[in-house]
Amino acid sequence: MAGSQEATITDAERPGASEQLWSVFEFARRYRLAKREENRLLMLYGPTASLHVLLANAQRHSLIS
C-alpha cells in the first residue's frame with residue numbers, strides 16, 4: 001500500500017489562542033475601548049491583528065479619577 005502524501009496539521013502547527021486574528025473593531029467593542037484607542041490600533045495594525053498583539057498594546061483609560 002502506497003503511503004499517503006496528505007498534508008496533516010500537527011498540534012504544534014495549529015494557531016493558538018494568542019495567534020488568532022481578531023477584528024480590531026470587534027476587539028475594541030468587546031474590551032470597551034475608546035474610539036480614539038480603536039483608531040490608534042487601526043492605524044498601527046490595520047483591520048485585523050493577533051489577539052496577543054492587541055492585548056499587549058491596547059490602552060484603557062480609567063473612568064474614575
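**Exercise 1. List the residues of the largest nonpolar core and find which helix gives the most to this core.**

Solution. The largest nonpolar core of this predicted model holds 10 residues: Trp22, Val24, Phe27, Ala28, Leu33, Leu41, Leu42, Ala49, Leu51 and Leu54. Such a core is a set of buried Ala, Val, Leu, Ile, Met, Phe, Trp, Tyr and Cys residues joined through side-chain atoms within 4.5 Å. Two or more residues come from each of helix 1 (24–30), helix 2 (35–45) and helix 3 (51–57); helices are DSSP runs of H or I, at least four residues, numbered from the N terminus. Helix 1 contributes the most, three residues.

Residue numbers start from 1 along each chain as its sequence is written. Local features need pLDDT of at least 70, side-chain atom pairs count only at pLDDT 80 or more, totals for chains, interfaces and linings use all residues, and side-chain values use heavy atoms, without hydrogens and water.

**Exercise 2. Describe the aromatic pairs found in the whole structure.**

Solution. Rings of Phe, Tyr and Trp (its six-membered ring) pair if their centres lie within 6.5 Å; planes under 30 degrees apart are stacked, over 60 edge-to-face, the rest tilted. The search gives two pairs. Trp22 and Phe27 are edge-to-face, at 6.2 Å centre to centre and 80° between the planes. Phe27 and Tyr31 are tilted, at 4.6 Å and 35°. Ring pairs thus link Trp22, Phe27 and Tyr31 into a cluster.

**Exercise 3. Classify Trp22, Phe27 and Tyr31 as buried, partly exposed or exposed.**

Solution. Buried means under 20% relative accessible area, exposed over 50%, partly exposed in between (1.4 Å probe, protein chains only). Trp22, at 14%, is therefore buried. Phe27, at 1%, is buried. Tyr31, at 29%, is partly exposed.
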